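This report covers one helix and its surroundings, followed by two contacts between chains. The sequence and structure come first.

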Amino acid sequence: MAAKARTRPKAEVEAPGGEPADTLRGYYEQMSLVRAFELRSSEMYARAKIGGYCHLNLGEEATVVGLMAAIEARDYLFTGYRDHGYALLRGLSPERVMAELFGKVTGVSGGRGGSMHLFDAETRLFGGYGIVGGQIPPATGAALALKYQAAAGPDAAAVMCLLGDGTTNIGAFHESLNLAGLWKLPIVYVIVNNGLGMGTTVEKASAEPDLYKRAASYRMPGVRVDGDDVLAVRDAARDALKQAREQRQPVLLEVMCYRLRGHSVVDPARYRSPEDTTIAQESDPVPSFRAELIAAGVLSEADAATIDETCDARVSEAVTFADESPEPDVDDLFAYVYASKVANAPSALPGEPVMDAL
Amino acid sequence: MPDVIMPRLSDTMEEGELSRWMKQVGDEIHKGDVLAEIETDKATMDLEAFDNGILEQHLVAAGALVPIGEPVARIGDGSNIVTGSAAPAAPTAVADKAAVVAPPADAAAPVAAAAPAPAAPAPTATPTGELRTSPTPTGELRTSPAPTGELRTSPLARKIGREHGIDLHTIAGTGPQGRITRTDVDTAILAQASVAAVPAPTPAAVVPTSAAASAAADSVDVPVSRIRAVTARRLTESQAVPHFFLTSVVNVERLVDFRAEVNESLAALGTKVSLNDLFVRASAVALRAHPEVNASWGDGVIRRHHHVNVGVAVATDDGLLVPVVTDADQKSLGAIAVETRALAGLARTGGLSLGQMTGGTFTISNLGMFGIDSFTAVLNPPEAGILAIGAATDVPAVRDGVLVSLPTVKITLTVDHRVLDGAVAAAFLRDLVTLLEEPLRIVL
Amino acid sequence: MTDKVVPATRTITYRQALNETLRYELEHDEKVFLIGEEIGVFEGSYKITAGLLEDFGPDRVLDAPIAEEGFVGAALGAAMLGMRPVVEIMTINFSLIAIDQIVNHAAKMRSMFAGQVSIPLVIRMPGGGGQQLAATHSQNLEVWYAHIPGLKVVAPSTPADAKALLTAAIRDDDPVIFLENLSLYSAKGEVPDGEQIAEIGKAAVVKTGTDLTIVSYSRGTTTALEVAHQLEAEGLSIEVVDLRSLRPLDRDTICASVRKTGHAVVFEDDWLSYGIGAEISATIGEGVFDFLDAPVRRVAAAEVPLPYAKALERAALPSAADLARVVREVLNISSTPNDK
């Protein structure tokens, strides 16, 4: 992993990329919010407020912000289980996301999905999928529906499907990219390559560790970008989405980043070498983007501190909200099993008779 | 605490004879204990306790006929012990009727649910009477004694049995592995119904008051048992059937030898075959060959039976009982011998179940052991035939020009003329005689 | 009397009933599209989709490459966006390649996302052995799907039900596993004209009787009816319950029938252990225990990967004779020589 080529350009002293200061400040605010939310999630997990599995975007904030800056409201987003940051930047309030993690009725899915399965129809966040690669075929199908429902063009919707580096080895990835290439679907597959599938490095898992090259099999452009560079990520994703919506050309985009911590909150990541950990910490996009903006005069130290404090306070409010929200009502246990009412739908709780004795 | 009442132990039962007290006043009683034996119109049954406590009083004496629901004893905490025998069918009990109509089973249930009563309630214990004295009648009657041994029954049979007050322990199951099925219970219900169809004699008719008995110094009136009463009724009924008799003399020389041979080979098993067993087996084989005889008059139809079930009349102290050897044509001689012996034993001790006394398709009555040469038997309705067997008698005969002594038995067949005519019955009897005279054929 | 109009009927095959229903739904709802292997140019491995590509074009009748997980999942994704895809999986055996998408995704999404999305998806697939297709191509895996909350699983036994249940399935807003059977495709039956929509979750008493209830579904129901009629001639009165829907399961209809007859035999093409029959036996035990006059018996396939050889295949699959024999055993009636 240490040998991996990094494409990130050196920070310029001027406003990075010549972007308006407000935009850059906004990106930093978003990165800071994701960072604050994930740190607090980790804490809440330790406090046993959050159960199950919990995977954090720590270290991937630039990727998250860059991708979410590129996607349009009309587009559909499918992601894996490392999804908190994407949900926040898709526009879901920290309250609803944290409440979902807490398993409360005020959560985005009323506490039914939890950390791995954040879903919001309104903002077209189409999940949060806990099964590795489970989102890839449905995302492909969503693109199929878009192709069927509307013509290509600048205003057309597209699908962004996020997946991890480990996911590129499963059948669904290849089957889906084949279908998308074959049927010319408006979809961008984004490999968020943090170098580790749980504890297995890309080199140990993929015969072709340059994952973007796999696109060639499906006559699809394959692009790699530095995931620690928010602007590079944004621009690459925008370009890919443009091809998808305007030309029905699916694209495979590989975003290189580091996972700051373990696979999930319970993983101490002892398999990582000290060198690797050092690289990950040195590449941490949040402090480096912060320093970059201060150096460029976009932010003062005090501004940055205020942003961090504000984000932290925002997350604190979310925690309070989640904590104070009610548990889901057990009477609603079967409420969403079926959309169409159906005769004889099961509704027995454990130990209850399946039917009254005749 | 409610009194112990005369339980309803069959669907046709209206009253029962408390034949014997098994627990005495002052005895400690546990739920499920057998308090007394009750003789019903069908069989002798156990009267079980539904309460824990001390038996404080016998309200009726042994031998009393007591209507269903009337109290027969009192179980309490032991503070009201009343000794001395009560009058049979104590009239005071009737006055209490309204208070005790609740079935004992229901009264017992809440007690069990509330708190397990101590094994031996201390006399000073606070009465736990409120639960026990507020029975909730549901109309459901507990009709069977606690299961003794394994009872294989379908749930449906159990349910129907419960609803009709049939004690499944009295039924022989015909299902796989002897499982009692709906058919078996239905048959038992029908059997009871046919008995019930005959008006039951009123107690007054069969049990003269003791006053009347003592008034007539020249004679003594013996109260009849339930069995006697039922037998009387059924035999009377049978006299209305047009019937005729056929008699044959059977040369039993070979049969006697055959029996000796068989017994030799069965000796190791400890089984002995009687001449009567040979008659049962021979009759069954003949009946299988003559399905027209294995039949009964059934209200406008002649009902031919698929099974050959041979009843064997057994004299008991209380009266004549006819346990049934089912499927006798399918059973070995040894099996018939063992079964008949067991059934007769049960009959004499009052242990026959209803199932063991029903379903017969033909009956054999043997008075040979009493030295009777020949006799005619009265039909056992609805069966079409009954065979009366006399004693083996040596008669002189000429064989190869030499006078020899031959053992013979006179057998007389009584026939329901509605079902069979003379020639048909004669053919059956002829074949039966042949079987008895060439006994190897009865085991083929 | 009501003015209810009794629709005219035609006698058509199960295959034709499916084909006509797909055609009708394609014509009447542009959100409906078909997707599967060889359903277009090839007109379907079993010709269920014959003529549809020609009439509706490749956008509506989509030939998919051999990628069950991919195209089943794609259909699921299209359903999330409001389409009404009808997937054909060539046989149920291949559905295992797509089972992650069916079980881990299609079945879960609505519940897991608190009703924010519905999955109006139909997955049609035939199962069944008896054509010498050997172990991998002869399975009945319906119980895999019937086990899963969130799915609906139907298994029509007649052309009329094939039509009415397929119509219901396509118009249903939930994922419906639609089980066909290879040996039923050419079966003929009367099918009412016009729109017919069955109620999913309801069984049907397809023959009344008083002595014993045979519970079955799909091809098994046709065998059950055959046996019931044969035994009728012998004086036995057999009731046949056609489940039609395996999830939800119409326990009331099953129990009401067994309550009446006191005897039940379940006939299923699938393997015995942990099968549909096991579920029904348990249901009967719970629902009508007091009315049982004999243990519930199951007649199911021998638990072996189905061999190719005809003689072995025949021995392993449950037959009408097996069913008749078990019915007699349950009723405690001795067998006639015809049975075996």
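## Surroundings of helix α1 of chain C

Among the elements that cover the buried residues of α1(C) are the strands β1 (9-13), β2 (32-36), β4 (84-88) and β8 (188-192) of chain C, together with the helices α2 (52-56) and α7 (159-171) of chain C. The model is predicted.

The residues of α1(C) that are buried are C:Y14, C:R15, C:Q16, C:A17, C:L18, C:N19, C:T21, C:L22, C:E25 and C:L26.

## Length of helix α1 of chain C

Helix α1 of chain C runs over residues 14-28 and has 15 residues. At 1.5 Å a residue the expected span is 21 Å, and the end C-alpha atoms of the helix are 21 Å apart, so the two values agree.

## Contact between chains A and C

Chain A contributes 43 residues to its contact with chain C, and chain C contributes 51 residues. On the side of chain A that touches chain C, the elements giving two or more residues are β2 (125-128), α5 (136-149) and α6 (171-183) of chain A. The most comes from α5(A), with ten residues.

By class, the side of chain A that touches chain C holds 28 nonpolar, 13 polar and two charged residues.

## Contact between chains B and C

The contact between chains B and C takes nine residues from chain B and eight residues from chain C. Helix α5 (residues 155-164) of chain B supplies the largest share of the side of chain B that touches chain C, at four residues. That side of chain B divides into four nonpolar, three polar and two charged residues.

Terms used. Residues are numbered from 1 along each chain as its sequence is written. Chains are lettered from A and ligands numbered from 1 in the order in which they are written. This is a predicted model: local features need pLDDT of at least 70, side-chain atom pairs count only at pLDDT 80 or more; totals for chains, interfaces and linings use all residues. Two residues are in contact if their C-beta atoms, placed from the backbone, lie within 7 Å. Ala, Val, Leu, Ile, Met, Phe, Trp, Tyr, Cys and Pro count as nonpolar, Asp, Glu, Lys and Arg as charged, and the others, Gly among them, as polar. The expected span of a helix is 1.5 Å times one less than its number of residues. A residue is buried if 20 or more other C-beta atoms lie within 10 Å of its own, exposed if 12 or fewer, and partly exposed in between; C-beta atoms are placed from the backbone.
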